[in-house]
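Reader: Hello! Could you walk me through this structure, one question at a time?

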Amino acid sequence: MIDPRADDIIGDDDAPARGMMFNLRDTGWTGRLVVFLRVMACVSMLKGLYHWAAVCGIIGEEGGFEAHIPSWQATTVFFSVIDLVAAVGLWLVAPWGAVVWLTSTVTMIVVHVFFDQVYGTDLLVIMVGALAILAYLALSVLAAREHPR
């Protein structure tokens with residue numbers, strides 16, 4: 001019986017791992033930054049949809065959106081819009097997407113730290129937001145060093 005792959009130009013050592021979409025070890029810092037931005041785009045989209053579910057009354061307390069204080073309502077509408085805009089910009093790896101995402105993340109941290117009457121103080125949200133910003137800054141610096149001008 002003849003092996004149909006016997007005459008392949010690409011050997012088994014050179015072929016990409018089957019089932020893997022990408023290999024992070026072979027990509028540079030720019031590729032890792034793109035993957036990070038795409039993951040943050042998915043997270044931002046989920047956050048935006050969560051806030052829209054609160055606005056539409058799908059989730060939350062009895063009485064829906066109108067039962068909350070005006071500061072909670074304004075903050076929730078703000079995050080429902082800005083998180084989805086950030087998700088689109090991050091997925092496109094556009095510079096404005098990172099700016100909108102940073103604005104959204106810093107604003108969420110500020111709301112949890114200084115305006116605890118709106119959402120309360122959630123240390124997990126504060127720490128995850130701060131770590132995401134630090135990871136973005138580190139990856140951005142490493143990607144910029146990879147491509148000197």
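Author: Gladly, and one definition will help us later: Ala, Val, Leu, Ile, Met, Phe, Trp, Tyr, Cys and Pro count as nonpolar, Asp, Glu, Lys and Arg as charged, and the others, Gly among them, as polar. Please keep in mind that this is a predicted model.

Reader: How do the residues lining the largest pocket divide into nonpolar, polar and charged?

Author: The lining of this pocket is made up of 26 residues, and Lys-47, His-51, Met-108, His-112 and Val-125 lie nearest the centre. Helices α1, α2, α3 and α5 each give two or more residues to that lining. Sorted by type, the lining residues come to 15 nonpolar, 9 polar and 2 charged.

Reader: Which element gives the largest share of the lining of the largest pocket?

Author: The space in this pocket is about 560 Å³. Of the lining residues, 7 belong to the element with the largest share, and that element is α1.

Reader: Is Thr-76 buried or exposed?

Author: Thr-76 sits in helix α2, which spans residues 70-91. Beyond its close sequence neighbours, within four places, Thr-76 is in contact with His-51, Ala-54, Val-55, Phe-65 and Tyr-119. The side chains of Thr-76 and Tyr-119 are also joined by a polar contact of 2.9 Å. Its relative accessible area is 1%, and the cut-off is under 20%, so Thr-76 counts as buried.

Reader: And what does Val-88 count as, at 47% relative accessibility?

Author: Val-88 is also part of helix α2. Its 47% falls between the 20% and 50% cut-offs, so Val-88 is partly exposed.

Key:
Residues numbered from 1 in each chain as written. Predicted model: local features only at pLDDT ≥ 70, side-chain atom pairs only at ≥ 80, totals over all residues. Heavy atoms only, no water. Helix = DSSP H or I, 4+ residues; strand = E, 2+ residues; numbered from the N terminus. Buried < 20%, exposed > 50% of the residue type's maximum accessible area, 1.4 Å probe, protein only. Polar contact = N/O pair within 3.5 Å; in protein donor to acceptor, adjacent residues only side chain to side chain. Contact = heavy atoms within 4.5 Å. 1 Å grid on protein atoms, 1.4 Å probe; cavity = no way out; pocket = protein on both sides within 12 Å on 5 of 7 lines; lining within 4 Å. Points joined across faces, edges and corners; volume = space filled by probe spheres on them.
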